[in-house]
Amino acid sequence: MTTRARRLGAVRRGVLAIGGAMSFLVFAPAQAQLEIKLGHVGEPGSIFQKSAYGSSQLGSDEEMIQKLKLGTLDMAVPSTVMSSQVDLFGVFEMPYLVKDRAHMGRIEKEIFWSKLEPEVERKGLKVLAVWENGFRQITNSKRPIKVPADLAGIKLRVPGGKWRVKMFQAYGANPSPMKFSEVFTALQTGVMDGEENPLTQIYSAKFQEVQKYLSLSGHVYTPAYVTVGATHWNALPADVRKILEDTAKETQAYVYEVAARDDDELLGKLKSAGMQVNDVDKNAFVAASKTIYDEFGKEVPGAKELIDRAVALGK
(Lines give C-alpha, C1' and ligand atoms only; values in the text may rest on other atoms or scores of the structure.)
Protein backbone atom coordinates (compact mmCIF):
# COMPACT_ATOMS: atom_id res chain seq x y z
CA MET A 1 0.00 0.00 0.00
CA THR A 2 1.34 3.44 -0.91
CA THR A 3 1.87 6.21 1.63
CA ARG A 4 -0.93 8.19 0.05
CA ALA A 5 -3.29 5.21 0.19
CA ARG A 6 -2.53 4.73 3.89
CA ARG A 7 -3.27 8.40 4.54
CA LEU A 8 -6.49 8.15 2.56
CA GLY A 9 -7.54 5.13 4.58
CA ALA A 10 -6.74 6.93 7.82
CA VAL A 11 -8.89 9.89 6.84
CA ARG A 12 -11.75 7.62 5.77
CA ARG A 13 -11.65 5.76 9.07
CA GLY A 14 -11.77 9.07 10.88
CA VAL A 15 -14.71 10.31 8.82
CA LEU A 16 -16.74 7.15 9.25
CA ALA A 17 -15.89 6.05 12.76
CA ILE A 18 -15.28 8.88 15.19
CA GLY A 19 -18.98 9.52 15.83
CA GLY A 20 -19.54 12.58 17.98
CA ALA A 21 -16.03 13.99 17.67
CA MET A 22 -15.66 17.52 16.30
CA SER A 23 -12.46 17.02 14.36
CA PHE A 24 -10.19 14.46 12.77
CA LEU A 25 -6.55 14.31 11.82
CA VAL A 26 -4.97 14.30 8.39
CA PHE A 27 -1.37 13.23 8.11
CA ALA A 28 0.45 15.04 5.34
CA PRO A 29 3.99 15.22 3.99
CA ALA A 30 6.30 17.53 5.91
CA GLN A 31 3.71 17.90 8.67
CA ALA A 32 2.93 15.80 11.69
CA GLN A 33 -0.80 16.30 11.39
CA LEU A 34 -3.54 18.76 10.52
CA GLU A 35 -6.77 19.02 12.48
CA ILE A 36 -9.82 19.36 10.23
CA LYS A 37 -13.09 20.46 11.81
CA LEU A 38 -16.31 19.39 10.13
CA GLY A 39 -19.82 20.18 11.35
CA HIS A 40 -23.48 19.46 10.57
CA VAL A 41 -26.85 19.63 12.33
CA GLY A 42 -27.75 15.91 12.49
CA GLU A 43 -28.40 14.17 15.80
CA PRO A 44 -26.54 11.00 16.90
CA GLY A 45 -27.80 8.11 14.76
CA SER A 46 -28.61 10.28 11.73
CA ILE A 47 -27.01 9.70 8.33
CA PHE A 48 -25.03 12.92 8.89
CA GLN A 49 -23.57 11.61 12.14
CA LYS A 50 -22.82 8.21 10.60
CA SER A 51 -20.83 9.82 7.81
CA ALA A 52 -19.33 12.79 9.67
CA TYR A 53 -19.71 14.62 13.01
CA GLY A 54 -21.87 17.24 14.55
CA SER A 55 -25.31 17.54 16.17
CA SER A 56 -25.14 21.34 15.76
CA GLN A 57 -22.08 21.48 18.03
CA LEU A 58 -20.50 23.94 15.62
CA GLY A 59 -23.63 25.98 14.94
CA SER A 60 -26.68 26.00 12.70
CA ASP A 61 -26.31 25.51 8.94
CA GLU A 62 -26.38 29.26 8.42
CA GLU A 63 -23.80 29.84 11.14
CA MET A 64 -21.50 27.12 9.81
CA ILE A 65 -21.60 28.53 6.28
CA GLN A 66 -20.55 31.90 7.67
CA LYS A 67 -17.72 30.20 9.59
CA LEU A 68 -16.58 28.49 6.39
CA LYS A 69 -16.32 31.85 4.67
CA LEU A 70 -14.43 33.32 7.63
CA GLY A 71 -12.09 30.33 7.81
CA THR A 72 -13.00 29.44 11.42
CA LEU A 73 -14.52 26.10 10.33
CA ASP A 74 -12.89 23.78 7.83
CA MET A 75 -15.78 21.71 6.48
CA ALA A 76 -19.56 21.42 6.83
CA VAL A 77 -22.39 19.38 5.31
CA PRO A 78 -25.23 21.85 4.63
CA SER A 79 -28.39 20.84 2.82
CA THR A 80 -31.49 22.98 2.14
CA VAL A 81 -29.78 26.17 3.31
CA MET A 82 -27.61 26.18 0.19
CA SER A 83 -30.59 27.53 -1.76
CA SER A 84 -30.21 30.68 0.36
CA GLN A 85 -26.61 31.02 -0.80
CA VAL A 86 -27.12 30.21 -4.50
CA ASP A 87 -30.54 30.72 -6.06
CA LEU A 88 -30.11 27.87 -8.56
CA PHE A 89 -29.84 25.39 -5.68
CA GLY A 90 -33.58 25.91 -5.36
CA VAL A 91 -33.87 23.27 -8.09
CA PHE A 92 -33.53 20.71 -5.28
CA GLU A 93 -36.44 22.41 -3.50
CA MET A 94 -38.82 21.60 -6.34
CA PRO A 95 -41.36 18.99 -5.14
CA TYR A 96 -41.07 15.48 -6.59
CA LEU A 97 -38.26 16.49 -8.96
CA VAL A 98 -35.80 13.76 -7.88
CA LYS A 99 -37.31 10.31 -8.37
CA ASP A 100 -34.69 8.15 -6.63
CA ARG A 101 -30.97 7.99 -5.85
CA ALA A 102 -30.11 6.75 -9.34
CA HIS A 103 -31.86 9.78 -10.78
CA MET A 104 -29.96 12.01 -8.35
CA GLY A 105 -26.74 10.42 -9.54
CA ARG A 106 -27.52 11.42 -13.12
CA ILE A 107 -28.43 14.94 -12.04
CA GLU A 108 -25.15 15.21 -10.16
CA LYS A 109 -23.13 14.02 -13.12
CA GLU A 110 -24.91 15.97 -15.84
CA ILE A 111 -25.95 19.15 -14.01
CA PHE A 112 -24.45 19.68 -10.59
CA TRP A 113 -20.73 19.92 -11.29
CA SER A 114 -21.06 21.99 -14.47
CA LYS A 115 -23.95 24.30 -13.57
CA LEU A 116 -24.27 24.53 -9.78
CA GLU A 117 -20.86 24.03 -8.18
CA PRO A 118 -19.25 26.96 -10.07
CA GLU A 119 -21.97 29.22 -8.64
CA VAL A 120 -21.01 28.09 -5.12
CA GLU A 121 -17.41 29.12 -5.72
CA ARG A 122 -18.56 32.62 -6.63
CA LYS A 123 -19.92 32.82 -3.06
CA GLY A 124 -16.55 31.96 -1.50
CA LEU A 125 -17.39 28.28 -0.94
CA LYS A 126 -16.46 25.02 -2.65
CA VAL A 127 -18.35 21.70 -2.74
CA LEU A 128 -16.14 18.61 -2.55
CA ALA A 129 -18.84 15.95 -2.82
CA VAL A 130 -22.59 15.43 -2.86
CA TRP A 131 -23.93 13.31 0.02
CA GLU A 132 -27.49 12.96 1.22
CA ASN A 133 -30.03 14.30 3.65
CA GLY A 134 -32.80 12.23 2.08
CA PHE A 135 -36.45 12.06 1.06
CA ARG A 136 -38.50 14.27 3.34
CA GLN A 137 -41.70 13.15 5.08
CA ILE A 138 -44.26 15.12 7.10
CA THR A 139 -44.96 14.59 10.81
CA ASN A 140 -47.46 16.41 12.99
CA SER A 141 -49.51 16.11 16.16
CA LYS A 142 -52.93 16.98 14.70
CA ARG A 143 -54.06 14.56 11.98
CA PRO A 144 -52.93 12.33 9.11
CA ILE A 145 -51.90 14.29 6.02
CA LYS A 146 -53.25 12.63 2.87
CA VAL A 147 -53.84 15.59 0.54
CA PRO A 148 -52.51 19.17 0.67
CA ALA A 149 -55.78 20.44 2.13
CA ASP A 150 -55.07 18.40 5.28
CA LEU A 151 -52.18 20.79 6.02
CA ALA A 152 -54.52 23.77 6.40
CA GLY A 153 -53.61 25.69 9.54
CA ILE A 154 -50.78 23.32 10.55
CA LYS A 155 -47.88 25.24 12.12
CA LEU A 156 -45.01 23.52 10.33
CA ARG A 157 -41.31 23.96 10.99
CA VAL A 158 -39.22 24.11 7.83
CA PRO A 159 -35.48 24.71 7.32
CA GLY A 160 -34.05 27.98 6.05
CA GLY A 161 -34.70 28.59 2.37
CA LYS A 162 -37.66 30.45 0.90
CA TRP A 163 -38.77 27.78 -1.54
CA ARG A 164 -39.67 25.31 1.19
CA VAL A 165 -41.74 28.05 2.82
CA LYS A 166 -43.45 28.84 -0.48
CA MET A 167 -44.11 25.14 -1.10
CA PHE A 168 -45.96 24.59 2.14
CA GLN A 169 -47.80 27.88 1.84
CA ALA A 170 -49.08 26.60 -1.50
CA TYR A 171 -50.18 23.40 0.25
CA GLY A 172 -52.10 25.43 2.84
CA ALA A 173 -49.83 25.02 5.87
CA ASN A 174 -48.39 27.76 8.06
CA PRO A 175 -44.63 27.16 7.63
CA SER A 176 -41.91 28.85 9.69
CA PRO A 177 -38.12 28.44 9.38
CA MET A 178 -36.39 27.33 12.58
CA LYS A 179 -33.00 25.95 13.58
CA PHE A 180 -33.02 22.16 13.65
CA SER A 181 -31.64 22.14 17.19
CA GLU A 182 -34.75 23.99 18.40
CA VAL A 183 -37.37 21.81 16.72
CA PHE A 184 -37.92 19.13 19.39
CA THR A 185 -38.77 21.70 22.06
CA ALA A 186 -41.02 23.60 19.66
CA LEU A 187 -42.94 20.41 18.90
CA GLN A 188 -43.05 19.39 22.54
CA THR A 189 -44.48 22.73 23.69
CA GLY A 190 -46.88 23.17 20.78
CA VAL A 191 -45.09 26.18 19.32
CA MET A 192 -45.04 24.03 16.18
CA ASP A 193 -47.58 21.36 15.23
CA GLY A 194 -45.31 19.52 12.83
CA GLU A 195 -42.15 19.38 10.77
CA GLU A 196 -40.80 17.67 7.66
CA ASN A 197 -37.56 15.73 7.45
CA PRO A 198 -36.04 12.49 6.21
CA LEU A 199 -36.72 9.46 8.42
CA THR A 200 -33.11 9.43 9.59
CA GLN A 201 -33.50 12.92 11.05
CA ILE A 202 -36.98 12.25 12.44
CA TYR A 203 -35.90 9.15 14.35
CA SER A 204 -32.49 10.36 15.53
CA ALA A 205 -34.01 13.62 16.82
CA LYS A 206 -36.70 11.58 18.66
CA PHE A 207 -39.56 13.47 17.05
CA GLN A 208 -41.62 10.28 17.44
CA GLU A 209 -41.83 11.16 21.13
CA VAL A 210 -43.70 14.40 20.39
CA GLN A 211 -45.41 13.65 17.05
CA LYS A 212 -48.31 11.25 16.50
CA TYR A 213 -48.67 11.18 12.71
CA LEU A 214 -46.12 10.34 10.02
CA SER A 215 -47.28 10.95 6.46
CA LEU A 216 -45.06 9.48 3.76
CA SER A 217 -45.12 12.38 1.34
CA GLY A 218 -41.56 12.10 0.00
CA HIS A 219 -42.14 15.64 -1.26
CA VAL A 220 -38.49 16.62 -1.67
CA TYR A 221 -35.19 14.77 -1.95
CA THR A 222 -32.50 16.89 -0.32
CA PRO A 223 -28.85 16.32 -1.16
CA ALA A 224 -26.19 17.35 1.34
CA TYR A 225 -23.01 19.05 0.23
CA VAL A 226 -19.55 18.50 1.70
CA THR A 227 -18.52 22.13 1.66
CA VAL A 228 -15.39 24.13 2.45
CA GLY A 229 -14.49 27.81 2.51
CA ALA A 230 -12.59 28.55 -0.69
CA THR A 231 -9.92 30.81 0.84
CA HIS A 232 -9.02 28.45 3.67
CA TRP A 233 -9.23 25.45 1.33
CA ASN A 234 -6.75 26.95 -1.11
CA ALA A 235 -4.31 27.54 1.77
CA LEU A 236 -4.17 23.82 2.60
CA PRO A 237 -1.32 21.74 1.13
CA ALA A 238 -2.23 20.27 -2.25
CA ASP A 239 -1.75 16.73 -0.98
CA VAL A 240 -4.17 17.29 1.89
CA ARG A 241 -6.75 18.80 -0.47
CA LYS A 242 -6.46 15.77 -2.72
CA ILE A 243 -6.91 13.32 0.16
CA LEU A 244 -9.93 15.14 1.55
CA GLU A 245 -11.61 15.57 -1.82
CA ASP A 246 -11.06 11.94 -2.80
CA THR A 247 -12.35 10.73 0.55
CA ALA A 248 -15.43 12.96 0.41
CA LYS A 249 -16.35 11.65 -3.04
CA GLU A 250 -15.62 8.02 -2.16
CA THR A 251 -17.76 8.27 0.98
CA GLN A 252 -20.83 9.04 -1.15
CA ALA A 253 -21.40 5.35 -1.94
CA TYR A 254 -21.36 4.59 1.79
CA VAL A 255 -23.83 7.39 2.48
CA TYR A 256 -26.26 6.14 -0.19
CA GLU A 257 -25.98 2.54 0.97
CA VAL A 258 -26.61 3.37 4.62
CA ALA A 259 -29.40 5.83 3.81
CA ALA A 260 -31.28 3.29 1.68
CA ARG A 261 -30.96 0.62 4.37
CA ASP A 262 -31.98 3.03 7.12
CA ASP A 263 -35.15 4.09 5.29
CA ASP A 264 -36.60 0.59 5.65
CA GLU A 265 -35.37 -0.01 9.20
CA LEU A 266 -36.39 3.37 10.55
CA LEU A 267 -39.94 3.19 9.24
CA GLY A 268 -40.41 0.02 11.28
CA LYS A 269 -38.92 1.65 14.35
CA LEU A 270 -41.15 4.70 14.05
CA LYS A 271 -44.21 2.48 13.76
CA SER A 272 -43.09 0.49 16.79
CA ALA A 273 -42.72 3.77 18.69
CA GLY A 274 -46.43 4.36 18.19
CA MET A 275 -46.53 6.72 15.23
CA GLN A 276 -49.53 6.37 12.94
CA VAL A 277 -48.14 6.06 9.42
CA ASN A 278 -50.03 6.77 6.21
CA ASP A 279 -49.34 7.24 2.51
CA VAL A 280 -50.33 10.46 0.77
CA ASP A 281 -52.03 11.16 -2.54
CA LYS A 282 -48.87 12.16 -4.38
CA ASN A 283 -50.79 13.14 -7.49
CA ALA A 284 -52.65 15.74 -5.43
CA PHE A 285 -49.37 17.09 -4.06
CA VAL A 286 -47.79 17.18 -7.52
CA ALA A 287 -50.77 19.13 -8.86
CA ALA A 288 -50.52 21.61 -5.97
CA SER A 289 -46.81 22.09 -6.71
CA LYS A 290 -47.22 23.62 -10.18
CA THR A 291 -47.18 27.20 -8.90
CA ILE A 292 -43.80 26.63 -7.21
CA TYR A 293 -42.22 25.40 -10.44
CA ASP A 294 -43.68 28.32 -12.37
CA GLU A 295 -42.49 30.90 -9.85
CA PHE A 296 -39.01 29.42 -9.53
CA GLY A 297 -38.62 29.19 -13.30
CA LYS A 298 -39.60 32.82 -13.78
CA GLU A 299 -37.73 34.31 -10.82
CA VAL A 300 -34.32 32.61 -11.06
CA PRO A 301 -32.29 33.00 -14.27
CA GLY A 302 -31.41 29.63 -15.77
CA ALA A 303 -33.80 27.73 -13.49
CA LYS A 304 -36.21 26.51 -16.16
CA GLU A 305 -33.36 25.03 -18.18
CA LEU A 306 -32.11 23.15 -15.10
CA ILE A 307 -35.59 21.88 -14.23
CA ASP A 308 -36.23 20.66 -17.77
CA ARG A 309 -32.89 18.89 -17.92
CA ALA A 310 -33.34 17.29 -14.49
CA VAL A 311 -36.84 16.09 -15.38
CA ALA A 312 -35.56 14.62 -18.65
CA LEU A 313 -32.87 12.69 -16.72
CA GLY A 314 -35.63 11.04 -14.69
CA LYS A 315 -37.35 9.50 -17.71
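I take contact to mean heavy atoms within 4.5 Å. On that basis I looked up Gly161 and found that, its neighbours within four places in sequence left aside, Gly161 is in contact with Ser83 and Ser84. I note at the outset that the model is a predicted one.

**Entry 1. Gly161**

I placed Gly161 in the loop between β5 (155–158) and α6. The relative accessible area of Gly161 is 10%, so I list this glycine as buried. I also checked a pair that is distant in sequence: Gly161 and Gln85 are 76 residues apart along the chain, and their C-alpha atoms lie 9.0 Å apart in space.

**Entry 2. The chain as a whole**

I recorded 13 helices and ten strands in the protein chain. The chain has 315 residues, of which 55% count as buried. I then turned to contacts between residues at least 6 apart in sequence, and found that 72% of these join residues at least 24 apart.

**Entry 3. Helix α6 and its partner α12**

I followed the chain from Gly161 into α6, which covers residues 162–171. The axis of α6 comes within 10 Å of the axis of α12 (residues 290–299), and the two cross at roughly 145°. I noted the crossing as right-handed. On the α6 side, the contact is made by Lys162, Trp163, Lys166, Met167 and Ala170. On the α12 side, I found Thr291, Ile292, Glu295, Phe296 and Glu299. Sorted by class, this contact of α6 with α12 has five nonpolar, one polar and four charged residues.

I also listed the buried residues of α6, which are Trp163, Arg164, Val165, Met167, Phe168 and Tyr171. Just after α6, I found Gly172 with a positive phi of about 105°.

**Entry 4. Helix α5**

I compared the span of α5 with that of a straight helix. At 1.5 Å a residue, a straight helix of 21 residues would span 30 Å, whereas α5 spans only 25 Å between its end C-alpha atoms. I located a bend of about 65° in α5 at Phe112. Phe112 is also among the buried residues of α5, together with Arg101, His103, Met104, Ile107, Glu108, Ile111, Leu116, Glu117 and Val120. I asked what covers the buried residues of α5, and the cover includes α4, β4 (125–140), β9, α10 and α13 (303–313).

**Entry 5. Helix α10**

I examined α10 in the same manner. This helix runs over residues 238–272 and has 35 residues. From its first C-alpha to its last, α10 reaches 49 Å, close to the 51 Å expected at 1.5 Å a residue. I nevertheless noted a kink of about 30° in α10, centred on Asp263. Gly274 follows α10 and has a positive phi, near 105°.

**Entry 6. Positive phi outside glycine**

Most residues other than glycine have a negative phi. I therefore looked up two exceptions in this model, bearing in mind that general tendency.

Tyr96 is not a glycine, yet has a positive phi of about 60°. I found Tyr96 in the loop between α4 (82–85) and α5 (101–121). Its relative accessibility is 12%, which is why I count Tyr96 as buried.

Lys206 is not a glycine either, and has a positive phi of about 65°. I placed Lys206 in the loop between α8 (199–204) and β8. Lys206 has a relative accessible area of 44%, so I enter this residue as partly exposed.

**Entry 7. Ala205**

I looked next at Ala205, which is likewise found in the loop between α8 and β8. With a relative accessible area of 11%, Ala205 is buried. I noted Phe180 as a partner distant in sequence: 25 residues separate it from Ala205, and the two C-alpha atoms are 9.2 Å apart.

**Entry 8. Ser217**

I finished with Ser217, in the loop between β8 (213–216) and β9 (221–229). Is Ser217 buried or exposed? Ser217 has a relative accessible area of 0% and is therefore buried. I then asked which residues Ser217 is in contact with, leaving aside its neighbours within four places in sequence. I found Tyr96, Arg136, Gln137, Ile138, Val280 and Lys282. Tyr96 thus appears again, here as a contact of Ser217.

Note on methods:
Residues are numbered from 1 along each chain as its sequence is written. This is a predicted model: local features need pLDDT of at least 70, side-chain atom pairs count only at pLDDT 80 or more; totals for chains, interfaces and linings use all residues. Side-chain values use heavy atoms; hydrogens and water are left out. Axes are lines fitted to C-alpha atoms, for helices over the stretch in contact, and angles run from 0 to 180 degrees between N-to-C directions. Helices (H or I, at least four residues) and strands (E, at least two) are DSSP runs, numbered from the N terminus. A crossing is left-handed if the near helix is turned anticlockwise from the far one by less than a right angle, and right-handed if clockwise. Ala, Val, Leu, Ile, Met, Phe, Trp, Tyr, Cys and Pro count as nonpolar, Asp, Glu, Lys and Arg as charged, and the others, Gly among them, as polar. Buried means under 20% relative accessible area, exposed over 50%, partly exposed in between (1.4 Å probe, protein chains only). The expected span of a helix is 1.5 Å times one less than its number of residues. The bend at a residue is the angle between axes fitted to the seven residues ending there and the seven starting there.
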